[in-house]
Amino acid sequence: MTIPFALFFVCGALLVALTIYVLTGGADYGGGVWDLLAAGPRAAAQRDLIERALGPVWEADHVWLILVVVILFDAFPPAFAAIMIAMHVPITLMLVGIVLRGSAFSFRSYGGGRDRAQREWGRLFSIASLVTPVLLGVIIGAIASGSIPKDPRHITDFLLPWMTPVCFAVGLFALALFAYLAAVYLTLETDDAALRDDFRLRAIAAGIAVGAIAGLVLLLAHREAPGIWAGLTQRVWTWPLIWLNGILALAALYALWARRFAVARVCAAGHVALVLWGWAFAQFPFLIEPDLDIYNAAAPPITLKILAGALAAGALILLPSYRYLLKVFKSRPKHRPLSADSPVERHSQ
Amino acid sequence: MPNILAARSQMAMSLAFHIIFSCIGIAMPLLMVVAEWLHRRTGDQVYLLLARRWATGTAIMFAVGAVSGTVLSFELGLLWPHFMKWSGAIIGMPFSLEGFAFFTEAIFLGIYLYGWDRVAPRAHLVAGFIVAFSGMISGVFVVIANSWMNTPVGFRLVNGLPVDIDPIASLTNPAALHETVHMTIAAYAATGFVVAGIHAAMWLRDRGNLFHQRAIAIAFAIGAIAAVLQPLSGDASARAVARLQPLKMAAFEGLFKGGPHAPLAIGGIPDVKDRKLDYAIELPSMLSIMTGHNPDAVIRGLDSFPERNWPAPMIAVHLAFQIMVGAGFAMAGLAMWGALLIVRRRTIFDSIWLLRTMVAAAPLGLIAVEAGWVVTEVGRQPWIIYGVMRTADALTPMPGLTVTFVLFSALYLFLGVTVVYLLWRQVILSPTRAEVPVQAAAL
Ligand code: HDD
Ligand code: HEM
Ligand code: HEM
């Protein structure tokens, strides 16, 4: 394995892990958002559906974040250190959110408490699900907009670099994307037509919000993150990504409208993945603009080679197991009779 | 509070919190699969009831373990960025491997906890085995990273920076074997004792309750085997420390003056100013005999090292070592008592005193684990990477760490209290003697 190959392999793995985290773990946060916003005659059924959808998978989904962190500090230690120093405050807040979200969720599911206690845990879970993605977005926004100095040893201000409109716009964007993904996925988690329609409408609304916030982010990026803006607009190879992205976004909305939920799920996931890749390719080869790129921040070749080997070997165990998990819980039981209260079942399939 | 102190306290507090959940995350799946396996072998429904009840408690512990572990993986960078920047390329490896182990664990845990009715019974049992195995492996990988901090290898120092990095060599550093073995056994011993103690308390109030009786049999068997092995493994650890980090060994023993015929100290309070150990019972020449197999073996004391490299606070290291060893012998003693009863009378359930002692001994394992880590970690001070980088040089420039320390302490206190309360409810809700057959038959 030559050095650049190992390097690109590791970068690819980093991007893939982040993408899967956003597509799975992100949607788990989105589930919490809809738990908070559950309303109407079926509010309790909505919450119930969300809980059943998240329960078996959220811990595994969450590990993708750990993988992102460990790859980052194994392969690009200086970039990891720089981010951890400059982003100390938002990362700390995000961790509090992660801790509260995960523990409150399991306390609610397994606490077996009275209704009131369960409601309180549910509220904590959903508020934490709302705040954490915003902070994650803020951190990504700060990295993308070049607010992280390379040698933060002498950094004096730990608040201003990330307290900018563009960072918060990215934060909101992340929240909207996660909520959108969750609503789209949830349409496929139930046989109850009315419940499904609740989430269909929520998905469409969230999809439109995603579009609007995306516009805001681009507008602000033009002013505050010239590096990313240039990467997005002045490179030949980011254009196809942007076009494809737009097409998928519209296709997902149309599919939702037409109740083609399986198609909508693929298009929505593709759309969100391309948003991330758009960012990654626009910023390439920088990890942190303008000082640290994947070459000067990389660990020595030997580390990269071994890491690449370990990632490849790990993937051989991991991907089939993860697929098995999703297969067990995300496919409908084969022999379940159609439920009596969902007559639409037959033709919407 | 000075920043360095706040950072060290935050790290220590986070790890001390996480390690409890790690121990349970390592050992509890084994207890569950043993129960489920016994159910499949004997057809006894009570074992199945037990496995399912244990799974509920474990789910809560797992979630808290997972989120507190996530905090740690960020905290290493948040608090010690210069350490991570320096050593990421060398020890990132065990952490990445650990990531895969966590994955496997989380995936199959989901299947185990939620899949009772979704997958075939055999697949369910296999999922449980995979959880138990990958939990153990993930612990091994983190401890390897930690052992590297004690015996850093796999690089060459040039101008204060590491070159010729060899990540594989760092995996097999000289402290890795004894630390991983000792920690893994510790997890089974500690969890086994806690679980056996809780069920013993319930059994004593409701004698003859088969649910608790089966629980005690499994948990105590696993805990006792581990507890008997632990002093042997601890002895190996002590020998290794004497060889690899003689200064640390001297601190364990509060041995201010080295030489031949070094005594083994029991108890005592080190007085750093006057360089002596107060109030200790000293067994003459024992330390020389134990580490060197010879009363004339020369043991280096603190006096042969510059004072600025002494671990501080010395008293924490020495006392923690005493506590761990004391707990270790107490646990091994209880284990032998149980074994004796089994050999003599084929049951432990006619000895009320054994069961009462079991209740009292429930926290010993976790206390020993916490103490053991103080021994290892405070004993490594003032170095974050032994002999290479001082802890103070690894610190983040971020001011006001007292705030985050207080924040996380409050958060963990809240979580800790909640977890105890929820588990307490689980325990209260455990089936009474009359309910056991009914609930078991309903499964
Ligand atoms: C159930 C828990 C438990 C019990 C009963 C014991 N230990 Fe222990 N000990 C640990 C749990 C532990 C630990 C928490 O797991 C440590 C911390 C780091 C490690 O690898 O294991 C540890 C570390 C540790 C070290 C330091 C290793 C190092 O710094 O590299 C020594 C020398 C011993 N132990 C020795 C003993 C002895 C002689 C025991 C005699 C009974 C004993 N331990 C019982
Ligand atoms: C889980 C059980 C552990 C416990 C209870 C524990 C306990 C402690 C304690 C008490 C300190 C503070 C030492 C002092 O300030 O004097 C500390 C520091 C530290 N520990 Fe551990 N430790 C554990 C495992 C680990 C592991 C597995 C690692 C890394 C792989 C690690 C890395 C560190 C680091 C980086 C510090 C801060 C720097 C330092 O004080 O050396 N610890 N830990
Ligand atoms: C001796 C010390 C440690 C041991 C034995 C240990 C072991 C474990 C185990 C067995 C788990 C999974 C089981 C559970 O969630 O209850 C776990 C969770 C976790 N630990 Fe630790 N750990 C230790 C210290 C650390 C340190 C220092 C870090 C930071 C680098 C860390 C990071 C994590 C993470 C990220 C998780 C969550 C993984 C998941 O979602 O399942 N652990 N730890």
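**Exercise 1.** In this predicted model, decide whether B:Asp117 is buried, partly exposed or exposed, and describe its salt bridge with B:Arg52.

*Solution.*
1. The cut-off for an exposed residue is over 50% relative accessible area.
2. B:Asp117 has 74% relative accessibility, so it counts as exposed.
3. Its partner B:Arg52 stands at 29% and is therefore partly exposed.
4. The closest N and O atoms of B:Arg52 and B:Asp117 are 3.8 Å apart.
5. This pair joins distant parts of the chain: B:Arg52 belongs to helix 2 (residues 45-79) of chain B, while B:Asp117 sits in the loop between helix 3 (81-114) and helix 4 (121-150), 65 residues apart.

**Exercise 2.** Find how B:Arg239 and B:Asp235 are placed along helix 7 of chain B, and give the distance in their salt bridge.

*Solution.*
1. The two residues are four apart in helix 7 of chain B, so about one helical turn separates them.
2. Their closest N and O atoms lie 2.6 Å from each other.
3. B:Arg239 has 27% relative accessibility and is partly exposed; B:Asp235, with 28%, is also partly exposed.

**Exercise 3.** Identify which helix of chain B gives the most to the shell around ligand 1, and list polar contacts of the ligand with B:His182 and B:Lys248.

*Solution.*
1. Helix 7 of chain B gives the most, seven residues.
2. The shell divides into twelve nonpolar, nine polar and three charged residues.
3. A side-chain N or O atom of B:His182 is 2.8 Å from a nitrogen atom of ligand 1.
4. For B:Lys248, a side-chain N or O atom is 2.9 Å from an oxygen atom of the ligand.

Key. Residues are numbered from 1 along each chain as its sequence is written. Chains are lettered from A and ligands numbered from 1 in the order in which they are written. This is a predicted model: local features need pLDDT of at least 70, side-chain atom pairs count only at pLDDT 80 or more; totals for chains, interfaces and linings use all residues. Side-chain values use heavy atoms; hydrogens and water are left out. A polar contact is a pair of N or O atoms within 3.5 Å; within protein, one must be able to donate a hydrogen and the other to accept it, and residues adjacent in sequence count only if both atoms are side-chain atoms. Ala, Val, Leu, Ile, Met, Phe, Trp, Tyr, Cys and Pro count as nonpolar, Asp, Glu, Lys and Arg as charged, and the others, Gly among them, as polar. A salt bridge is a side-chain nitrogen of Lys or Arg within 4 Å of a carboxyl oxygen of Asp or Glu. Buried means under 20% relative accessible area, exposed over 50%, partly exposed in between (1.4 Å probe, protein chains only).
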